[in-house]
Amino acid sequence: MPNRLANETSPYLLQHADNPVDWWPWSPEAFAEARERGVPVMLSVGYSSCHWCHVMAHESFEDELAAAYMNEHFVNIKVDREERPDVDAVYMEAVQAATGQGGWPMTVFLTPDAEPFYFGTYFPPEPRHGMPSFTQVLEGVRTAWVGRPEEVTEVAQRIVRDLAGRQLDYGKAGTPGPEELAGALLGLTRDYDATRGGFGGAPKFPPSMVLEFLLRHHARTGSEGALQMAADTCEAMARGGIYDQLGGGFARYSVDREWVVPHFEKMLYDNALLCRVYAHLWRATGSDLARRVALETADFMVRELRTDQGGFASALDADSTDPLSGEHVEGAYYAWTPAQLREVLGEDDGDLAAAYFGVTEEGTFEHGKSVLQLPQDGPAADAERIASIRARLFAERETRPAPGRDDKVVAAWNGLAIAALAECGAYFERPDLTERATEAADLLVRVHMDGRARLARTSKDGQVGANAGVLEDYGDVAEGFLALAAVTGEGVWLEFAGFLVDLVLDQFTAEDGSLYDTAHDAEALIRRPQDPTDTAAPSGWTAAAGALLSYAAHTGSQAHRTAAEKALGVVHALGPRAPRFIGHGLAVSEALLDGPREVAVVGHPEDPARAALHRTALLGTAPGAVVATGMPRSADGAGGEFPLLAERTLVHDLPTAYVCRHFVCARPTTDPVELAEQLGTVRP
């Protein structure tokens, strides 16, 4: 008999709809039920592509005895962290404060007033490695709830008080300057893994936002060290097993320092961010590897994550069914043995593929299997032969049981994908990618945006979800719309971005200029989340700051620029101390220091000379430069939707580009070479 989750739209919640656990979705009714019964709440938070979430579900939530105990003594709530990042954030903060670590699945026990008093992540079915079993945890919490209720209440209230005392005060820190960004670079240099690329040890995550900062810092200052760290890290990841050498796209992270063995789930946000980083690396250096990886990652997103409605699904699972054993295991879709290569390719090509992709008899993964990579010491091989090998292996892999897909469309992550695909379409002359970006943007406007321009967090199968958008949705979607406006020359996307950044000012901004993750009128939780640090994606705080800054550059709005500058006070405070965790804020700060530059390109849309100037503008490396293109616009506003085009005229009746920065404009030019110089383009 399905439980209450059967009517939800979240793929993660639907995965638990047939559990014997009497799950509730997050709702006031669930807490009312706990109050009426006088029992605590067991909150379980996860997401559909989380490997250990699946493991705990199979071991415990599908177990009849464990479920019976949970149903008798608790009200059990299941939350998809990707649908409710606000709920996830406030309780994850409590888990990390209490235990020093966090992760998913997250298990939190709450009072009927939603106050947390006991925490954990994964609990095994039997005691192991010093961890209690899940049943022991349930029994212990039940005993404390019944036998020591005053103590439980006091603990819960103290935790809530401690969380309230963590309120941030960065509004008066001042905007970051060259000293803070140089200090951030120095801090990154200390953490840099010069041998393997990336930062820190295992597990090693793709540092997407930090890489963008390094590229922008190089563009502004000429720092060769910044560019080298970015380029070497990108090459190491692209050669590693974290990158899908057959189908393109990146896995979530590497379990080792060498990028060899990934945690195999593929997330939309990682691939959108990395696609854009590699495109920007190509823009800065002309690297063939960067171009290939950017395009392969873009094609992966379109091929495997695009939904029937034109948006992009959230993720592919790490686990799938092994065609040989029949077991549902991690990495089964992606790993190979030398014998499997020879079976598909024949002896000669199979042996070459094993050497070329680092597939060994011992295996680099589990059970003698290897994850494909491109070792630095691999054999030289004919490009056509390798292309044939890749194609045949990819075709064979397509016959394997595919990983499951989380089909929900998350607004923020689609905003990131829109920006990446729009720019790749322009840079690499792939108009089909720009079309896919436009279709995703259309979906967000039609389905996710209401009549007041308020965003819904998710949709599925074209049906809007019930949860309100959070700050990262507004910041990332606005960023996607601004990138699309620059590439297409369609001012309507600037207008939609304006609606969103105005809502940031109205609904998410504190009096001191700091930003909240939830709107002023959002559901009240035990604490209003407010986190300026990046996770796997840009923080909502700095994503919104970037969109505010770009919109201000497009429109000349001082209110939006001032809001961006105040929000970036957090980078002044945290940049030199924790640069790995505020990379996007550092990247936006580079744009602030550079201007950002404002580029207007005017001319007839069919004139190839205008197209050449427009392309040159888009390929400019000046950090955060904004680009508008269209017909010349009169002072009264007629003839275009971009304010930057006002009073821009043709020089000698030729398409013309105008570059302005810090209230000073360069000489109008009709020459793409001169325009590139004005934009600081360093790529040969």
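In this predicted model, L110 sits across from P116, a residue of strand β5. The two belong to a pair of neighbouring strands: β4, covering residues 106-110, runs antiparallel to β5, and four bridges hold the match. The turn of this hairpin has five residues between the strands, and one residue to look at there is A114, whose phi is positive, near 70°. Strand β5 itself (residues 116-120) is largely enclosed by the rest of the structure, because four of its five residues are buried.

Aromatic rings come next. Across the whole structure, a search turns up 27 aromatic pairs. Some of these rings join up: W23, F61, F123 and F134 form a cluster linked by ring pairs. W23 also has a charged companion, as K78 lies over its face at 4.7 Å from the ring centre. A similar arrangement involves W104, where R81 lies over the face of the ring, 4.0 Å from its centre.

Then there is the interior. In soluble globular proteins, nonpolar side chains tend to be buried together. Here, the largest nonpolar core takes in 197 residues, and W26, I77, Y91, L214, Y278 and F481 have the most contacts inside it. Helix α16, spanning residues 411-427, gives the most to this core, with twelve residues. Apart from this core lies another one, made of 16 residues, including W336, L345, L352 and I389. Back in the largest core, Y278 gives a good idea of the packing. Setting aside neighbours within four places in sequence, Y278 touches C234, M237, A238, F250, L289, A290, V293 and A294.

One of those contacts, C234, raises the matter of cysteines. C234 counts as buried, since its relative accessibility is 1%. The closest cysteine sulfur to that of C234 belongs to C275 and is 12 Å away, too far for a bond. C275 is also buried, at a relative accessible area of 0%. Its own closest cysteine sulfur is in C424, at 3.5 Å, and that is still too far for a bond, because a disulfide needs the sulfur atoms within 2.5 Å.

So which cysteines are bonded? The structure holds two disulfides, and with the bonded cysteines numbered in sequence order, the pairing runs 1-2, 3-4. One disulfide is formed by C50 and C53, with 2.3 Å between their sulfur atoms. Both C50 and C53 are buried, and their link is right-handed, with 80° about the S-S bond. The other joins C660 to C665, with an S to S distance of 2.0 Å. This disulfide is right-handed too, because the torsion about its S-S bond is about 95°. Its two ends differ in their surroundings: C660 counts as buried at 5% relative accessibility, while C665 is partly exposed, with a relative accessible area of 49%.

That second disulfide leads to a sheet. Strand β20 covers residues 656-661 and pairs with β21 in the antiparallel sense, over two bridges. Within this pairing, R661 stands opposite V664 of β21. These strands are part of an open sheet of four, ordered β19-β18-β20-β21, with mixed pairing. At the edges stand β19 (626-630) and β21 (664-665); each has a single partner strand, so one side of each is left without a neighbour in the sheet.

Key:
Residues numbered from 1 in each chain as written. Heavy atoms only, no water. Core = buried A, V, L, I, M, F, W, Y, C linked by side-chain atoms within 4.5 Å. Buried < 20%, exposed > 50% of the residue type's maximum accessible area, 1.4 Å probe, protein only. Contact = heavy atoms within 4.5 Å. Pairing = 2+ DSSP bridges. Phe/Tyr/Trp six-rings, centres within 6.5 Å; stacked < 30°, edge-to-face > 60°. Lys NZ or Arg CZ within 6 Å of the ring centre and 35° of its normal.
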